[in-house]
Amino acid sequence: MAIEADGDGFELSKRGHRHSFLFWRTLSRPLPRPTPTFDQVAGTAASQEWRRTDPWGIAMSIAQKHSPSDWVAAFTSGLYAPVNREVTGPPVAVIGEIPRNLNGIFVQNTPNPAFAPNPGHSWFDGDGMVHGVQFEDGKATYRNRYVRTKGLDDDIAAGKASYSGSLALPGQGPRHKNVANTDLVHHNGRLLALWWEGGEPYELSLPDLKTIGTYDYNGTLNIGMTSHVKLDPATGELHFISWGTRRPYLSVGVADATGRIARVTPVELPGPRVQHDVALSNRYVGVFDFPLMIDMNRAEALGFVLNDAKPARIGLVDRRDESAPVRWFEIKPCFMWHLMCAWDEGDDFVLLGARLDGATRVDARGQVHDDRPMVDGEHRFDSQLYQWRLNTRDGTVREGVVDDLYIEFPRVNDAFICSGARFGYAGAIQMSARTLKAEGLAKFDLKTGRREQLRLPRGHFSNEPCFAAADASTSEDDGYVLSFVSNEAEATSELWIEAAQDFTKGPVARIKLPQRVPAGFHTRWIPAAALR
C-alpha cells in the first residue's frame, strides 16, 4: 500500500489502481473490510486543506454541539490541526549551519487526534504523535510516528473515534483512553511516551520512533505513571507520581536504574486533586495539594474550578528516610502545571515553576474571566516564573514572583534538574491570544535575575524549548536551545537551534521540515551516546 500526495488529498494506490478519498467521506460511509490498516486510515485523512484549516469539515459542526463549544474547533485547527502522515526524510532546507558538536535526537510529544472527536474532547485527548529530528555530523533527519496505543488500535479497527473525551459527562460513551501524548523520558535505555493522567508508559524504538508496546518495568509497575517524571542524573532513579479518585489519591513511585520499581509511597490528601508535575531535589520529592477541583455543575461538559478558599500545600517526601512522614507547607492558593527545577540550599527546599494565580475561567464565586489565553475554554493561563523557599528546620515559607514575563513550558538543562540549575528556559506567552501560544523564547539567569528574550517573527509561534548539551560540553549552558517553530499562516514548521550562550543573537540554524508540527506538549534531548 503506497501513499502519494496530490492537490486534493492523499491517494491510496494498490496493484496499479487509484482511489481518492476526502476525509469527511470516511466519517459518513463505512470503511471496507477487512479491518483497515493504519496507513489506509491515515492516508484518507490528510488533504492539504484539511491540514491547514478545519480537519473535520462537516463533522466538526457535529462535534461542536457537545461543548466546550467552539473550543473544540480552536484546538483542532490552525496551529493545533493534526497531521496524519508518518514521514521520514531530510529537511526541505537549512538556513545557517547545523553545529557539528550537536549529535543525538530531539523529540516532542504532541496530541494528534486520528479521527473526528467524540463528546467532551479536550486538547489533552489527542492521540500521541512523536516528532523527532536526529542530528549526525552536521546533518539532520526528520521523522514522526503515532504512538500506537491500544486505544488508537481500537479506533483504527472501528474506523472512527471510539472513546469519549476527558470532559464528557457520564453516559456519553466509553471513558477517554491512555493516549501517551504528553511527555517523553529516556530511562534505562528506553524511550517512554507518557500520559498526564497516568497509565502504563509506551516504549518507542530509537531512532525510528516505532511503538514497541507498553512497558511495565519488568512486571513491577502496579500503579499509573503520570507524565513529568523526574530523572536523577546522578543515581539513575526515575521519580514519578500516580493520582486518582480513590484514597490515598496520590502516590510517589521510584524506578531504579536497573528497570524495576524500587518503592511506592502513599501520600494522603483531603480528597481527589488534579495533579500534573512533581519536583525533585537531591534530598526530597516535592508533591502538590492544589485546590483545582472538578466542577460537576456544568450542563454541557465537565469543568474545572480553582477553589481559592481552600489552602494550597507543597509536601516533601524524604528520599533518604522512607519512614519519615510527608511534611506539608501551606502556600498561597494557586495552581501550577509545570515546574522548572528544584534544589536543596542549606535548610531550604527551593522550587521554581510557572505559577498560575487564576487557573480557571470560572472562579469559585462563579465569576467568569476571559482576559487571558485559555485551553479548552477551561484552563486560564497567567503563569509567571515563581519561587518557593520551604525551610525544613522552622517550617516557614518564603515565596514570590521571580520575573513578570508570562511564560509556560519552563525547562533547564536536565543534568541540573535537582542539583541547582543556574539557567532556565521557557516559552514567552502571547497574552493577547485566545489560545495558548508562545511568541518567543526566554532565558533566565536564576542567580543574577537577568532575562534574555528571543522574539519570533510575526505570526510565528514556538513550542517548548529544550536544552541540548554540546558534545564534550564544559559548563551548564554550553550547548543549544531547540524548539519547533511554526508559521501559522503558511502552515509550515522549522526546528530552530539557538546557541544558549548567545541566546538573543537568533538561531544558528533554521531547519525547514518536510511536514508541519502541530502545537504540542513536551520535549526531550537524547544524546548520540545514549542511542548506541
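Contact here means heavy atoms within 4.5 Å. Keep that in mind on this tour of a predicted model.

**Stop one: four histidines.** Select His-228, His-276, His-338 and His-522. The UniProt record, an unreviewed entry, marks these residues as "binding site". They span 295 residues in sequence, yet no two of their C-alpha atoms are more than 12.7 Å apart, so they gather at one spot. Now show the largest pocket. Its lining includes His-228, His-338 and His-522.

**Stop two: His-338.** Zoom in on strand β23, residues 335–345, where His-338 lies. Is His-338 buried or exposed? Its relative accessibility is 7%, so it counts as buried. Beyond residues up to four places away in sequence, His-338 touches His-228, His-276 and His-522. Its other contacts include Asp-277, Glu-408 and Phe-409. Display the side chains of His-338 and His-276: a polar contact of 3.3 Å joins them.

**Stop three: His-276.** Move to the loop between β16 and β17 (279–280), which holds His-276. This residue is buried too, at 5% relative accessibility. Its side chain makes a polar contact of 2.9 Å with the side chain of His-228. Among its contacts further off in sequence are Trp-196, Ile-241 and Trp-337.

**Stop four: the sheet.** Select β13 to β16. They form an open, antiparallel sheet of four strands in the order β13-β14-β15-β16. The edges are β13 (230–231) and β16 (261–268), each pairing on one side only. Next, pick β14 (238–243) and β15 (249–255). Six bridges link this antiparallel pair. Finish at His-239, which stands opposite Val-254 in β15.

Key
Residues numbered from 1 in each chain as written. Predicted model: local features only at pLDDT ≥ 70, side-chain atom pairs only at ≥ 80, totals over all residues. Heavy atoms only, no water. Pairing = 2+ DSSP bridges. Helix = DSSP H or I, 4+ residues; strand = E, 2+ residues; numbered from the N terminus. UniProt positions renumbered as here; feature names shortened; annotations may be inferred. 1 Å grid on protein atoms, 1.4 Å probe; cavity = no way out; pocket = protein on both sides within 12 Å on 5 of 7 lines; lining within 4 Å. Buried < 20%, exposed > 50% of the residue type's maximum accessible area, 1.4 Å probe, protein only. Polar contact = N/O pair within 3.5 Å; in protein donor to acceptor, adjacent residues only side chain to side chain.
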